[in-house]
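Reader: Hello! Could you take me on a close look at one part of this model, and show me how that part sits among its surroundings?

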Amino acid sequence: MADQHATDVMKLTGDLFCGGYSNTAEEDIEKVALLHDAVEDGVLEIETIYNLYGETVAVAVDAISKRQGETNKEYLKRCSENVLAAKVKIADGIVNMKRCIIDKDYSRAKYYCDRVGFMLKLMEE
């Protein structure tokens, strides 16, 4: 199920945030990273994620999944309220920004940079 993007997000999430975690917490954040686009892409439903991976992972994947009609600001604020989702969202933004820079799509790279900055600011609060 994991595509290259999800694998890259998982690896970066681990590099940025997994130092000192217990094995269970590290496994949970890795699962959230691998599944972070699954609901939005229509691959899995939250109920299925809950049944397969448990409440912690399902709640975080729900938090990182943008809802129809939700503004970006509302979405990022809601995402930042779940620690696992927020950390994965930051790694996701960095991975996306890197891809845009490689593709020389600098305006899109700035978009992701701004989103990462916004998420970091919310995490400080």
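Author: Happy to; here is a walk from the whole chain to helix H5 and its partners.

A word on the ground rules comes before the details. This is a predicted model, in which local features need pLDDT of at least 70 and side-chain atom pairs count only at pLDDT 80 or more, while totals for chains, interfaces and linings use all residues. Residues are numbered from 1 along each chain as its sequence is written, and side-chain values use heavy atoms, with hydrogens and water left out.

The protein chain holds seven helices and zero strands (DSSP runs numbered from the N terminus, with at least four residues of H or I for a helix and at least two of E for a strand). Read from the N terminus, the order of elements is α-α-α-α-α-α-α. The radius of gyration, taken over C-alpha atoms, is 14 Å, close to the 14 Å from the globule rule (2.2 Å times the number of residues to the power 0.38) for 125 residues, so the chain is as compact as a globular protein of that length. Along the principal axes, the C-alpha atoms fill a box of roughly 40 × 35 × 35 Å. Of the 125 residues, 40% are buried (under 20% relative accessible area with a 1.4 Å probe, protein chains only; exposed is over 50%, and partly exposed lies in between). Among contacts (heavy atoms within 4.5 Å) with a separation of 6 or more, 58% join residues 24 or more positions apart.

Now to H5 itself, which spans residues 72-80 and packs with H6, residues 83-102. Two packed helices are described by the angle between their axes and the distance between the axes. Here the angle is about 125° and the axes are 7 Å apart (lines fitted to C-alpha atoms over the stretch in contact, with angles from 0 to 180 degrees between N-to-C directions). That makes H5 oblique to H6, since under 35 degrees counts as roughly parallel, over 145 as roughly antiparallel, 65 to 115 as roughly perpendicular and the rest as oblique. From H5, the residues Tyr75, Leu76, Cys79 and Ser80 meet Ala85, Ala86 and Lys89 of H6. By class, this contact has five nonpolar, one polar and one charged residues (Ala, Val, Leu, Ile, Met, Phe, Trp, Tyr, Cys and Pro are nonpolar; Asp, Glu, Lys and Arg are charged; the others, Gly among them, are polar).

Looking inward, the buried residues of H5 are Tyr75, Leu76, Arg78, Cys79 and Ser80. They pack against H6, helix H4 (55-64) and helix H7 (106-124).

Charged pairs add to the picture. The model has six salt bridges (a side-chain nitrogen of Lys or Arg within 4 Å of a carboxyl oxygen of Asp or Glu). One of them joins Arg78 to Glu70, with the closest N and O atoms 2.8 Å apart. Arg78 is buried at 17% relative accessible area, and Glu70 is buried at 13%. Another links Lys77 and Glu81, whose closest N and O atoms are 3.8 Å apart. Here Lys77 is partly exposed at 39%, whereas Glu81 is exposed at 58%. Asp62 and Arg67 also form a salt bridge, at 2.8 Å between the closest N and O atoms; Asp62 is partly exposed at 27%, as is Arg67 at 38%.

One last stop is Asn96 in H6, buried with a relative accessible area of 18%. Apart from its neighbours within four places in sequence, Asn96 is in contact with His5 and Tyr112.
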